[in-house]
Amino acid sequence: MEINRMKNKKWITIILILSIGNVFILSIGHFFNNINIVLFSLLFFLVLVLISPKSLFLPVVLFYLPWSPIMKLDPTGYTFYTIGFILFFLFFLFSKELIENKGIFILNNILLIIAILIYTMIIKLFLGYNLSLDYFMFLLMLVLIPSYLLMYRKKISFEASVIFFSIGIVAAGFSSIVLMNYPHMLDFIKISEWQAVGLTRLSGFFGDANFYSAHILVAIGGLFILILHKRKHNVILLFSLVMTLIYLGFLSVSKMFLLVLIFISLLWGIMVLFYKGNIMAKITIILACGVGGLILTSLEVFTNQINMYLVRFGMINDISSLTTGRSDILGVYISFFYNNPMAFLFGQGLTNVYTGEISNAAHNIIIQVLYQFGIVGSILLIIWLFQIYVIIGNTRKPPAIKQAKSNYMYLFLFAIVCFTPWLSLDVLFADEFFLITTIFFIGKEYLTNKEYSV
C-alpha cells in the first residue's frame with residue numbers, strides 16, 4: 001500500500017509540473033499570437049490526458065478547466081478541452097478492464113441514459129428542435145461519469161484534485177491579467193466593465209465573473225478541508241494558495257463570491273475551534289490566518305477592490321438590483337411555467353433555444369433544469385445523481401462517531417461552495433455540472449474513508 005502511494009505521489013508531481021509547463025507554453029503562444037506554439041501546447045494536453053494514470057484524469061481536467069476557453073486555435077473554433085474528454089473516454093469505454101469488471105453496471109447505466117435519450121428526443125421532435133453538439137456531449141457525460149467513478153473512486157485523490165484545480169485557477173488568473181492587454185485576445189477574454197461607475201471585473205478566461213469566482217470558491221472550500229487534515233508543515237503552503245485565490249476572487253467584484261466566502265470562513269473558523277483536536281494545529285492555523293489576513297489587507301489593490309464592492313452594494317435599492325436582475329428573470333420563468341403547464345411538465349428536450357416570452361438564460365440551475373427537463377425529466381436526472389451517490393456510498397471503512405460528526409460539517413461546507421453559486425448560474429450544459437459534481441462526491445469519499453486519501 002505504501003509503495004503504491006509513493007508511486008501515485010510521484011505521478012501526481014510529474015503530471016502537475018508538466019501541466020504547469022504546458023499552460024505556460026500556451027500563454028506564450030497566445031502572447032505572441034503564434035498558432036504553432038498554441039497547437040503544440042494543445043496537442044501536448046491531449047497526450048497528457050492519454051498517458052496519465054486514469055485515476056489522475058479528474059485532477060488533470062480540473063487543472064485545465066479554467067483554461068478551457070482559450071484551448072483552441074481561434075476564438076470561434078472548438079476547444080481541445082472537449083476533444084480531450086472524448087479521446088479519454090473512447091479509450092476508457094473500450095478498455096479491457098472496464099468491460100471485464102463492470103459490464104453489468106454499464107448496461108444498467110446505459111438503460112437509464114436510453115430512457116433520457118428517448119424522452120428528450122420525443123420532446124425535440126414534438127417541438128421541432130435540432131440536435132446539437134452540447135446535447136450529445138451531455139448524454140455522453142451521463143454515461144461516462146458514473147462508469148469512471150465506479151472504476152476509480154477509491155484511487156482518485158481528492159487532495160490532488162483540489163490542488164490541481166487551485167493551481168490551475170491561479171495560473172489562469174494571472175495569465176489572463178497579462179493577456180487581456182492585447183487586442184488579439186479580446187475575443188477570448190471577456191472583461192466586464194461598468195464604465196458608468198468605473199468598475200472593471202476580472203473573469204479569468206470566462207465571460208462571466210460569477211463562473212470564474214465559482215471556481216475559486218470550490219478550490220478554497222477544498223483547501224479549507226485539506227488544511228484541517230494535513231500536517232502543520234503543509235498548512236503554510238495551503239494557506240498561500242487560499243490567500244492567492246481570495247485575492248483573485250476579489251478582482252471579480254462578485255457579490256456572490258464575497259457573501260459565500262464570508263459564510264464559509266465563519267463556518268470553517270468554528271470547525272477549527274471545535275473539531276481540530278491538536279492544540280498546536282489550532283495555533284498554527286490561527287497564526288497563518290492572521291498573517292495572511294494582514295498581508296492581504298495591506299495590499300493597495302485590496303483596498304481598491306473593497307471600494308469597488310462598496311460601489312456595487314451602494315447601487316442596491318431593491319431585490320432586482322440586489323440580484324443584478326436575476327429576480328426579474330425568475331419572475332419571467334415562473335410566469336412562463338404558469339402559462340405553459342405542458343412545458344413545465346415535460347421541458348424543452350435539452351436545447352439552447354428559448355421560446356415564447358423567455359429570452360434570457362435562467363441564471364439559476366433549478367430553473368434551468370425545470371425549463372430543459374420539466375418535472376418528468378428532472379426525476380430521471382435525480383435518479384442519475386442518486387446512482388452516483390450509491391457508487392460513492394460503497395465505502396469499506398465507516399469513520400468513528402466523533403470523526404463522522406466533524407465530517408458532516410466538512411461536507412456541508414464543501415456542498416455550500418460547490419452548489420450555492422449555481423443558484424446564480426446556468427451550468428447544465430457546462431463542464432462544471434459534471435466536474436464539480438464529481439469532485440464533490442470524491443470529497444465525500446475522502447471524508448468518509450480517509451484510507452484512500454493521498
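This briefing walks through some helix packing, a nonpolar surface patch and a few individual residues. Please keep in mind that the model is predicted. One place to begin is helix α3, where eight of eight residues are buried. Another is a nonpolar patch of about 680 Å² on the surface. Two loop residues, Val253 and Leu350, have a positive phi without being glycine.

**Helix α3 and its partner α7**

- Helix α3 covers residues 57–64, and helix α7 covers residues 158–179.
- The axes of these two helices come within 7 Å and cross at roughly 20°.
- Angles under 35 degrees count as roughly parallel, and α3 and α7 are therefore roughly parallel to each other.
- The handedness of the crossing between α3 and α7 is right-handed.
- How many residues of α3 are buried? The count is eight of its eight residues, so described as a mostly covered helix.
- The buried residues of α3 are Phe57, Leu58, Pro59, Val60, Val61, Leu62, Phe63 and Tyr64.

**Helix α7 and helix α8**

- Helix α7 also packs with helix α8, which is made of residues 209–227.
- The angle between α7 and α8 is about 140°, and their axes are 9 Å apart.
- Roughly antiparallel would need an angle over 145 degrees, and α7 and α8 are therefore oblique to each other.
- In passing α8, helix α7 makes a left-handed crossing.

**The nonpolar patch and helix α4**

- Val47, Leu50, Ile51, Ile86, Leu90, Phe91 and Phe94 make up the nonpolar surface patch of about 680 Å².
- Two elements, α2 (35–51) and α4 (80–93), give two or more residues each to this patch.
- Ile86, one of the patch residues, sits in helix α4.
- Is Ile86 buried or partly exposed? With a relative accessible area of 31%, Ile86 is partly exposed, and patch membership asks for over 30%.
- Helix α4 also packs with helix α6 (residues 133–152), at an angle of about 55° and with the axes 11 Å apart.
- That angle makes α4 oblique to α6.
- The crossing of α4 and α6 is left-handed.

**Two loop residues with positive phi**

- Most residues other than glycine have a negative phi.
- Val253 has a phi near 50°, a positive value in a residue other than glycine.
- Where is Val253 placed? Val253 is in the loop between α9 (232–251) and α10 (255–275).
- Val253 counts as buried because its relative accessibility is 0%.
- Leu350 has a phi near 60°, also positive in a residue other than glycine.
- The loop that holds Leu350 runs between α15 (341–346) and α16 (365–393).
- Leu350 is buried, at a relative accessible area of 1%.

**A contact between distant parts of the chain**

- Phe250 belongs to helix α9.
- With a relative accessible area of 7%, Phe250 is buried, since buried means under 20%.
- How far apart are the C-alpha atoms of Phe250 and Tyr309? They are separated by 8.7 Å, although the two residues are 59 residues apart along the chain.

Conventions
Residues numbered from 1 in each chain as written. Predicted model: local features only at pLDDT ≥ 70, side-chain atom pairs only at ≥ 80, totals over all residues. Heavy atoms only, no water. Patch = residues over 30% accessible without salt bridge, like charges linked within 9 Å, V, L, I, M, F, W, Y side chains within 5 Å. Areas by Shrake-Rupley, 256 points an atom, 1.4 Å probe, with all protein chains shown as cover. Salt bridge = Lys/Arg side-chain N within 4 Å of Asp/Glu carboxyl O. Helix = DSSP H or I, 4+ residues; strand = E, 2+ residues; numbered from the N terminus. Buried < 20%, exposed > 50% of the residue type's maximum accessible area, 1.4 Å probe, protein only. Axes fitted to C-alpha atoms, helices over the stretch in contact; angles between N-to-C directions. Parallel < 35°, antiparallel > 145°, perpendicular 65-115°, else oblique. Left-handed = near helix turned anticlockwise from the far one by under 90°.
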